[in-house]
Amino acid sequence: MNGVQIPHTPIAVDFWSLRRAASARLFFLSHMHSDHTVGLSSTWARPLYCSPITAFLLHRRLQVSKQWIRALEVGESHVLPLDEIGRETMTVTLMDANHCPGSVMFLFEGYFGTILYTGDFRYTPSMLQEPALRVGKQIHTLYLDNTNCNPALVLPSQEEAARQIVELIRKHPEHNVKIGLYSLGKESLLEHLALELQTWVVLSPRRLELVQLLGLADVFTVEEKAGRIQAVDHLEICHSAMLRWNQTHPTIAVLPTSRKIHRSHPDIHIIPYSDHSSYSELHAFVAALKPCQVVPIVSRQPYWDYFRDSLSPRLSVPLVPNSVQQYMGSSSRKPSVLCLLLERKLKKPRTQGVVFESSEEDVDQSQAVSDSTRAENENLSGNLEKQPSHHPLRIKKQLFPDVCSKEWDGAVPFLASRKILTAPLGFSVHLRSTDEEFLSRETGEETGVGPHLAPRGDNNGSAASGNQSVWRGQDSPHSQSSEAVPLLVPEFGGLALKYLLTPVNFFQAAFSSRDFDQQVEKYHKSLLSPDRRIQPRLIQHCSFEDSG
């Protein structure tokens, strides 16, 4: 990856690792070659600055959303904020880098001084005539493309290398010509060859779209047999491909590059046409600018202090304004609503089971009306009309909504005023949604489990606080069997709870809803008989929603 986060600034150029560039807030892309876009993908969600052509390719090829792409005109200066309040700003100027379509150099000017980031570039003397550089500005830091920074590597100019390719093709007038290229770059070379040799150049549809965007001469086509010259991916040029091509028609291949490449076939020709500056060109560029320091961009490329004689005295490290420090240290993205909800969810207490909420006032009122309620329940008949509970209780499903749809092999615990109500073995319970009141399907009124529960305790009905009491009928015998179930006496006035504790096979077919109520009351009255014992039976899918 050839990129950098500039020290003491919130600026990152060709650097897309958010983990390693945690304090970066302004991101710039010099061009679209893959070694400068490592980590940049369709998931990118930060503002990104680049040239208009790069902006088009970025969205087209990497599917980066247009809402994050900020296209800046080349040759113009743009003012950008360096903090959240606009107190500190910088000026950035884009200049043509003469490397590939859309490639630019960035000139940053701000509290940090003047920084020139060349990206990949091929130097030409005309660059020094750029308005941003012509006024004799002092460059404090020069980030330099050092791809060919090697005195032993002597490269011809692009014009000379192009002339060598033209001569090579003219020496093979009956041959087809394959030009091996990367996916982006050297389009101007192809145009030059087509005009010099008076032939069409065959391109892929993707590359044809690019040259049309660039406004090059109309010398390109997608028809394979329309011209002698065809641009192909550089990896396609190999020994096996040369054999295959030459079986159908005499073919030569040209690789215009300064890289050292092994020739796998005698008809493969390597011409040192480079889009990177040669050592002599770099030396001339640095000597003209006289920067205070030079920082190489390509870290893997050997670099020595070749330009010491061309440097100006170094300056001290700039002081970062407080507003910029806060900007660099602040969170670059606000937490989403989803994250906030998730955090709130994780902080909720993970109470398990089914909770019946009843206030202390409800409990006191329940104690006050227990005598009258007991008398009413003793007079219940088979035509008992279902009465709404005086104190409807709410049922909460805690955290795991699917737990209530599962069948439990053991007792089902219920919490009512901190007491435990044990349901029969083998029950399967289905509850309604969280904080939902139970409503009668016939009357539409609220119905509840009912407050008429009496814990086993002393004779006055008071239960020891803090202890788990098993809810039983006060007059029922205390069974010692481990399979015994709690009995419902008239104090258990909640019809919904009676439905819950009634075996499903007790009901008979062709009953109306009122008949079901009568059967439930009849069943639970029969439990009061001292010579009757309840045999636990499996209830499947008994639901509070079915009551009434």
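**Exercise 1. State how many bridges join strand 7 to strand 8, and how the two strands run.**

Solution. In this predicted model, strand 7 and strand 8 are joined by 6 bridges. The two strands run antiparallel. One residue pair can be picked out: T93 has L107 in strand 8 as its bridge partner.

**Exercise 2. Follow strand 8 (residues 104-110) to strand 9, and decide whether strand 8 is mostly covered or mostly open.**

Solution. Step one: 5 bridges link strand 8 with strand 9, and these strands run antiparallel. Step two: F106 is opposite Y117 of strand 9. Step three: the connection between strand 8 and strand 9 is a hairpin, with 2 residues between the strands. Step four: a residue counts as buried when its relative accessible area is under 20%. By this cut-off, 6 of the 7 residues of strand 8 are buried, and the strand is mostly covered.

**Exercise 3. Place the strands in the sheet and find which ones stand at the edges.**

Solution. Begin with a general point: strands in a sheet pair through backbone hydrogen bonds, in parallel or antiparallel fashion. The sheet here is open and has 6 strands, ordered 6-7-8-9-10-17, with mixed pairing. The edges are taken by strand 6 (77-81) and strand 17 (293-296). Each of these has a single partner strand, so one side of each lacks a neighbour in the sheet. On average, and with direction ignored, neighbouring strands are turned by 20 degrees against each other.

Now take the edge at strand 6. Strand 6 is joined to strand 7 (residues 89-96) by 5 bridges, and the two run antiparallel. Within this pair, L80 has M90 of strand 7 as its bridge partner.

**Exercise 4. Name the strands that helix 7 (residues 279-289) touches.**

Solution. Helix 7 packs on the sheet and touches strand 9 (113-117), strand 10 (141-144) and strand 17. The direction of the helix makes about 170 degrees with that of strand 10.

**Exercise 5. Locate P313 and decide whether P313 is buried or exposed.**

Solution. P313 lies in the loop between strand 17 and helix 8 (322-329). The cut-off for exposed is over 50% relative accessible area. P313 has 67%, so P313 is exposed. From P313 to K290 there are 23 residues in sequence and 9.4 Å in space, C-alpha to C-alpha.

**Exercise 6. Describe the largest pocket and its lining.**

Solution. The largest pocket holds about 900 Å³ of space. It is lined by 36 residues, and those closest to its centre are H33, D35, Y182, R259 and H276. Sorted by type, the lining has 9 nonpolar, 17 polar and 10 charged residues.

Key
Residues numbered from 1 in each chain as written. Predicted model: local features only at pLDDT ≥ 70, side-chain atom pairs only at ≥ 80, totals over all residues. Heavy atoms only, no water. 1 Å grid on protein atoms, 1.4 Å probe; cavity = no way out; pocket = protein on both sides within 12 Å on 5 of 7 lines; lining within 4 Å. Points joined across faces, edges and corners; volume = space filled by probe spheres on them. Nonpolar A, V, L, I, M, F, W, Y, C, P; charged D, E, K, R; others polar. Pairing = 2+ DSSP bridges. Helix = DSSP H or I, 4+ residues; strand = E, 2+ residues; numbered from the N terminus. Axes fitted to C-alpha atoms, helices over the stretch in contact; angles between N-to-C directions. Contact = heavy atoms within 4.5 Å. Buried < 20%, exposed > 50% of the residue type's maximum accessible area, 1.4 Å probe, protein only.
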